[in-house]
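Here's a quick briefing to read alongside the structure. Take a look at the fold, then work through the points below.

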Amino acid sequence: MININKAKLAFKEYVSHYNENDAKIQLKIRHTYKVVDVSEYIGKALGLNDEEVELAKLIALLHDIGRFEQIKVTDSFIDFKGFDHADYGVKVLFEDGAIRKFIEEETYDSIIYTAIKNHNKYEIEQELSGEKLLQSKIIRDSDKTDIFRVVIEEVNPNMQLTSKENLKKDIISDETYEQLKSYKLIQSDKVKTELDSYLKTIAYPFNYYFIPGLKIVKEKEYINQLINPEEYEKQETKRRLTVIKNMVNHYIEEKIK
């Protein structure tokens, strides 16, 4: 049986070993609890039973557990610099044995392992099925949904140094523009400019699996908050951003229908 309240106490104990005065640590704690809430919302909207919903919440609680060591070691959220936070997370939980602090029974271990390992990848492992596939999809949708909030209200985890004012002078590379127009996620290794990095979030709706998460994106007007083309200096950037903004909003509306 999953005891999410006990798991939350164990999570609080785990993060207490990191510098809770660090803004990045604080951000990740807030993000974790928000993702738990979104996972519960999606699970219930999909009509899952109580145990499946509690499992989704537990996966959400643990999905970014590798981030805390990543921040300590690299002072960054950037995975492609040699530290994949999902891979490190499953190491902490299953190789180092921390999982038993959060749930006593082993029944769900393979599902938890698979969902966390897959939550940040460009795409889910193709051979997944059943509960592993379902929970992997839920955590990916839930994570992306709160990342919109993080980018708008707090900080863009894809970026490091560029200020918002400098961003307004930047351009969208042809590679990123074509990926977006093809309804694809932006691949990190294809990013050429800081604006490309900023726009990685705008492509997230193309990779949603369930309608409930997309409804949150629409209701909160995350796309409109994320992009205001008129703020940018270059005319071609304004034009491309307008195309992208309209395209993504239309995509979401059609999916929800």
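A residue counts as buried when its relative accessible area is under 20%, as exposed when that figure is over 50%, and as partly exposed in between. By that yardstick Phe83, at 13% relative accessibility, is buried. Keep in mind that this is a predicted model. The points below start with a helix that is largely enclosed, then move on to helix packing, aromatic pairs and a few single residues.

**Helix H4 and its surroundings**

- Start with helix H4, residues 65-74: seven of its ten residues are buried, so the rest of the structure largely encloses it.
- The buried ones are Ile65, Gly66, Arg67, Phe68, Glu69, Gln70 and Ile71.
- What covers them? Among the elements over the buried residues of H4 are helix H1 (4-15), helix H2 (23-45), helix H3 (50-62) and helix H5 (85-95).
- Right after H4 comes Asp75, which has a positive phi, near 55 degrees.

**H9 against H13**

- Helix H9 (residues 174-181) and helix H13 (residues 235-256) have axes that come within 10 Å and cross at roughly 20 degrees.
- With angles under 35 degrees counting as roughly parallel, H9 and H13 are therefore roughly parallel to each other.
- Their crossing is left-handed.
- On the H9 side, the contact involves Asp174, Tyr177, Leu180 and Lys181; on the H13 side, it involves Arg239, Arg240, Val243, Ile244 and Met247.
- Sorted by type, the residues where H9 meets H13 are five nonpolar, no polar and four charged.

**H11 against H13**

- H13 also packs with helix H11 (residues 211-219), at an angle of about 135 degrees and with the axes 10 Å apart.
- That angle makes H11 oblique to H13.
- Here, too, H11 passes H13 in a left-handed crossing.
- From H11, Ile211, Leu214, Lys215, Val217 and Lys218 meet Ile252, Glu253, Lys255 and Ile256 of H13.
- This contact of H11 with H13 breaks down into five nonpolar, no polar and four charged residues.

**Aromatic pairs**

- How many aromatic pairs does a search of the whole structure find? The search turns up eleven.
- One of them is Phe83 with Tyr88, a tilted pair with 5.0 Å from centre to centre and 45 degrees between the planes.
- Are these two partners buried or exposed? Phe83 counts as buried at 13%, while Tyr88 is partly exposed, with a relative accessible area of 23%.
- Another pair is Phe148 with Tyr222, which is stacked: the centres are 5.6 Å apart and the planes are 5 degrees apart.
- Phe148 sits in helix H7 (residues 130-153) and Tyr222 in helix H12 (residues 222-226), so this pair ties together parts that are 74 residues apart in sequence.
- Phe148 and Tyr222 are both buried.
- Ring pairs also link Phe11, Tyr14, Tyr18, Tyr33 and Phe68 into a cluster; Phe68 is one of the buried residues of H4.

**Single residues to click on**

- Ala98 is in the loop between H5 and helix H6 (109-118).
- With a relative accessible area of 9%, Ala98 is buried.
- Leaving out residues up to four places away in sequence, Ala98 touches Val92 and Leu93.
- From Ala98 to Glu254 there are 156 residues along the chain, and their C-alpha atoms are separated by 42 Å.
- Glu175 belongs to helix H9 and is partly exposed, with a relative accessible area of 38%.
- Which residues does Glu175 touch, not counting those up to four places away in sequence? Glu175 touches Lys190 and Lys192.
- Glu175 and Ile186 are eleven residues apart in sequence, and their C-alpha atoms are 9.0 Å apart in space.
- Lys257 is found in the segment after H13 and counts as exposed, at 78% relative accessibility.
- C-alpha to C-alpha, Lys257 is 9.2 Å from Ile211, although the two are 46 residues apart in sequence; Ile211 is also one of the H11 residues that meet H13.

How values were computed:
Residues are numbered from 1 along each chain as its sequence is written. This is a predicted model: local features need pLDDT of at least 70, side-chain atom pairs count only at pLDDT 80 or more; totals for chains, interfaces and linings use all residues. Side-chain values use heavy atoms; hydrogens and water are left out. Buried means under 20% relative accessible area, exposed over 50%, partly exposed in between (1.4 Å probe, protein chains only). Helices (H or I, at least four residues) and strands (E, at least two) are DSSP runs, numbered from the N terminus. Contact means heavy atoms within 4.5 Å. Axes are lines fitted to C-alpha atoms, for helices over the stretch in contact, and angles run from 0 to 180 degrees between N-to-C directions. Angles under 35 degrees count as roughly parallel, over 145 as roughly antiparallel, 65 to 115 as roughly perpendicular and the rest as oblique. A crossing is left-handed if the near helix is turned anticlockwise from the far one by less than a right angle, and right-handed if clockwise. Ala, Val, Leu, Ile, Met, Phe, Trp, Tyr, Cys and Pro count as nonpolar, Asp, Glu, Lys and Arg as charged, and the others, Gly among them, as polar. Rings of Phe, Tyr and Trp (its six-membered ring) pair if their centres lie within 6.5 Å; planes under 30 degrees apart count as stacked, over 60 as edge-to-face and the rest as tilted.
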